[in-house]
Amino acid sequence: MQVEILYQGAFALAKLALEQGESAKAESGAMVAMSPTVDVESRLDGGVFGALKRKFLTGETFFFQTLRATRGPGEVLIAPTVPGEILSLELDGAHAYCLQKDGFLASSVGVDVQTKTQSLAKGFFSGEGFFVLQATGTGSLLVNSFGSIHRLLLGPAQEYIVDNSHLVAWSSSTEYEIRKASSGWFSSVASGEGLVCHFQGPGEVFIQTRNPGAFGSWIRQFIPTSG
Amino acid sequence: MAPTTETDCRGLLFDGESAPTGDAVSIIVDADSLVVTRNDSRPADIRLDSITVEWGGIDRTQLVIRDRSPAPSRSEPEEPDAAGPQPAARMLLIADPRFLDTLSAAAGPELAARLDALRQSRRGSDRRWRAAGLALATVIALATLELLRGAPLLTGLAMSLVPPAWESSAGKLLVRQFLAGQRVLDDPAVTKELSRLIAPLVEALGPSPYRFEFHVVASDDINAFALPGGQVVLLTGLVKTAASAEEVAGVLAHEIQHVVGRHTLRSFAQRVGLSVVLGLLLGDVQELAGLASILMTSRYSRTQESWADAEGARLLVRAGLPVEPMAAFFEKLQARDSGAGQALEFLASHPASAGRAAAVRKLALQQNARPPKLRSLGIDWPRFQSLVATRSSTGP
């Protein structure tokens, strides 16, 4: 599967080129356009239980779409719902990534996307809930984001602090802890950065340049509350 | 991710030559070294006698193997370098924890012992997390069960915080609501006789936070019930059915114990919800307005009933009154209930378990075995019955 990201930026579009017989999986409803050689099937990835787990624990779609180039080579255009860059990652069987719970856009069939339980403390405080997605296996992985994507590259034992709501994806080789943003509880709350993720390398951390929750609150003030 | 053979495993290598995110490598455990091969076949073997192994990576579930042999920074290996990647120590990251077993099999005694300690630490922390998870799941399950059952423990806790004084004012409000639509027999002739019946019971109860008030209401239902805070309602149907003043005393002793046990408030709270109890807690008695009818149809639990029976019988003993008539009255009601198929109000609102009358009978026999000095209530029962009958038909 060849991946090309078009219009990278707020309104990015991903073009997946499939050989005959090849298939890709995508978030349900992400397909924008495709060649007539491609068939769309809804599939419960990981069986009914796996799908239920994904749906109810992470809020990720119950069904993955399977896009199969049945009648010859073809291409599929895929877009996420939110305005933002699309992150394209190559998995080689050794590199694995964690995604924020609704970050999955599309992948090759060789990529296994599973729900992963976070520890209690992380679940309570990371703002990402108790569950994140973990992508393992081999192939291409597309992740959606809000805003642009910035890559942080951490060497062994190198540390970095990220606001929870800006997390997109991070290497499984990193370690992270949830900590207070500043030393005192009061200033933690008052600074608007209550709890943050404290990452330690080696590995990559991809962050989005905008915070969807904060944007939602900002836009709410312009919405008339009564008609 | 999983080993392709017993000893072949995929991992990430970090060293001076690797990509910043690590090079994918395959690892085979040899007799005295890790045979590490990059995708481009360049070797990067690590001697087993120079490695340290620890948990790391996401959630500390991956194996981190460090090669100490070049040792340019042996003095302080964990020194963080915020400036950038630290090429000094070579490092392998392996996602499959089963590699630990493969490694142990090939390790010398010293390394094997360290690996074993590592495995133990993992099991320990796994156990702790599992215990924490189990505890959380248990709490959630219990809380759900509690809510499904109408939150008896929560209401119990909230109720223990409701002062008897507020309970009393709630009871007064409720009884006023109830009596408003009823014919109340409150003329002195009735109340004087009634007080002779009640006084020994209240006296035997001893100090109580509640001030008991008894109301006689004209109704053909054979019933008596308690409202929170010491309000007790006696229906004339019960007076008519009872063969003696002592039988009525037995029923009233039972109702008094419902008040003492706060059963009314408890079952009421479970029926109408915690909000009312919380309202009471905040002193908002008005919350109860309009809820009197619900209270009238409240059911006690069997445990509450048998508790009130037993404590009621004990109250009779303390008051120097016979328990036997109480047992006789219950038996009479039960016989009538099963015989005529007529739903007697007292039994309906005070659900009878099969052995209830029998249990009171047993208490009566115990009393009879060691007969106390019984007091006489000094009430001319037939006269009182006809007085009540007249008053309830003609009205005040």
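Is B:Glu247 buried or exposed? B:Glu247 is buried, with a relative accessible area of 6%. Keep that residue in mind, since one of the views below comes back to it. Everything shown here belongs to a predicted model.

**View 1. Chain A at a glance.**
Let's start with the whole of chain A, which holds four helices and 18 strands. Its length is 227 residues, and 52% of them count as buried. The surface that chain A exposes comes to about 10300 Å², with carbon and sulfur atoms supplying 58% of that area. How far apart in sequence are the residues that touch? If you take the contacts in chain A between residues at least 6 apart in sequence, 77% of them join residues at least 24 apart.

**View 2. Strand β18 of chain A, covered on both faces.**
Here we zoom in on strand β18, residues 203-208 of chain A. Six of its six residues are buried, so this strand is largely enclosed by the rest of the structure. You can check that one face at a time: A:Gly203, A:Val205 and A:Ile207 sit on one side, A:Glu204, A:Phe206 and A:Gln208 sit on the other, and all are buried.

**View 3. The partners of β18 in chain A.**
Stay with β18(A) and look at what it pairs with. Strands of a sheet pair through backbone hydrogen bonds, either parallel or antiparallel. Strand β13 of chain A (residues 149-154) runs antiparallel to β18(A), and six bridges join the two. Strand β15 of chain A (residues 167-171) also pairs with β18(A) in the antiparallel sense, over three bridges. A:Ile207 is a handy landmark in this view: A:His150 stands opposite A:Ile207, and A:Leu167 stands opposite A:Ile207 too.

**View 4. A four-strand open sheet in chain A.**
Read across this open sheet of chain A and the strand order is β1-β2-β7-β4, with antiparallel pairing. The edges are β1 (2-6) and β4 (31-34), each of which pairs on one side only. From one strand to the next, the twist averages 20°. Now look at the pairing of β2 (residues 13-18) with β7 (residues 74-78) in chain A: the two run antiparallel and are joined by five bridges. To find your place there, spot A:Leu16, which stands opposite A:Val76 in β7(A).

**View 5. A nonpolar patch on the surface of chain A.**
Which residues make up this nonpolar patch? They are A:Phe215, A:Trp218, A:Ile219, A:Phe222 and A:Ile223, and the patch covers about 520 Å². One of them, A:Phe222, lies in the segment after α4 (212-220) of chain A. A:Phe222 has a relative accessible area of 53%, and anything over 50% is called exposed, so A:Phe222 counts as exposed.

**View 6. B:Glu247 and its salt bridge.**
Back to the residue from the opening question. B:Glu247 has its place in helix α7 of chain B, residues 245-260. Leaving aside residues up to four places away in sequence, B:Glu247 touches B:Ala242, B:Pro325, B:Ala328, B:Phe329 and B:Lys332. With B:Lys332, B:Glu247 forms a salt bridge, the closest N and O atoms being 3.1 Å apart. B:Lys332 lies in helix α12 (residues 324-340) of chain B while B:Glu247 lies in helix α7, so the pair ties together parts that are 85 residues apart in sequence. B:Glu247 is buried at 6% relative accessible area, whereas B:Lys332 counts as partly exposed at 27%.

**View 7. Two more salt bridges in chain B.**
Side chains of opposite charge can pair when their charged atoms come close. Over all chains, the count of salt bridges comes to 26. In one of them, B:Glu17 meets B:Arg42, with the closest N and O atoms 2.7 Å apart. B:Glu17 is in the loop between β1 (8-14) and β2 (23-29) of chain B, and B:Arg42, 25 residues away, is in the loop between β3 (33-38) and β4 (46-47). B:Glu17 is exposed at 57%, and B:Arg42 is partly exposed at 32%.

The other pair is B:Arg391 with B:Asp187, at 2.5 Å from N to O. B:Arg391 lies in helix α15 (residues 381-394) and B:Asp187 in the loop between α4 (164-180) and α5 (188-205) of chain B, so this salt bridge ties together parts that are 204 residues apart in sequence. B:Arg391 is partly exposed at 28%, while B:Asp187 is buried at 17%.

How values were computed: Residues are numbered from 1 along each chain as its sequence is written. Chains are lettered from A and ligands numbered from 1 in the order in which they are written. This is a predicted model: local features need pLDDT of at least 70, side-chain atom pairs count only at pLDDT 80 or more; totals for chains, interfaces and linings use all residues. Side-chain values use heavy atoms; hydrogens and water are left out. Patches are made of residues with over 30% relative accessible area and no salt bridge: like charges are joined within 9 Å, nonpolar side chains (Val, Leu, Ile, Met, Phe, Trp, Tyr) within 5 Å. Accessible areas come from the Shrake-Rupley method with a 1.4 Å probe; for residues, only the protein chains shown count as cover. A salt bridge is a side-chain nitrogen of Lys or Arg within 4 Å of a carboxyl oxygen of Asp or Glu. Buried means under 20% relative accessible area, exposed over 50%, partly exposed in between (1.4 Å probe, protein chains only). Two strands pair if DSSP finds at least two bridges between them. Contact means heavy atoms within 4.5 Å. Axes are lines fitted to C-alpha atoms, for helices over the stretch in contact, and angles run from 0 to 180 degrees between N-to-C directions.
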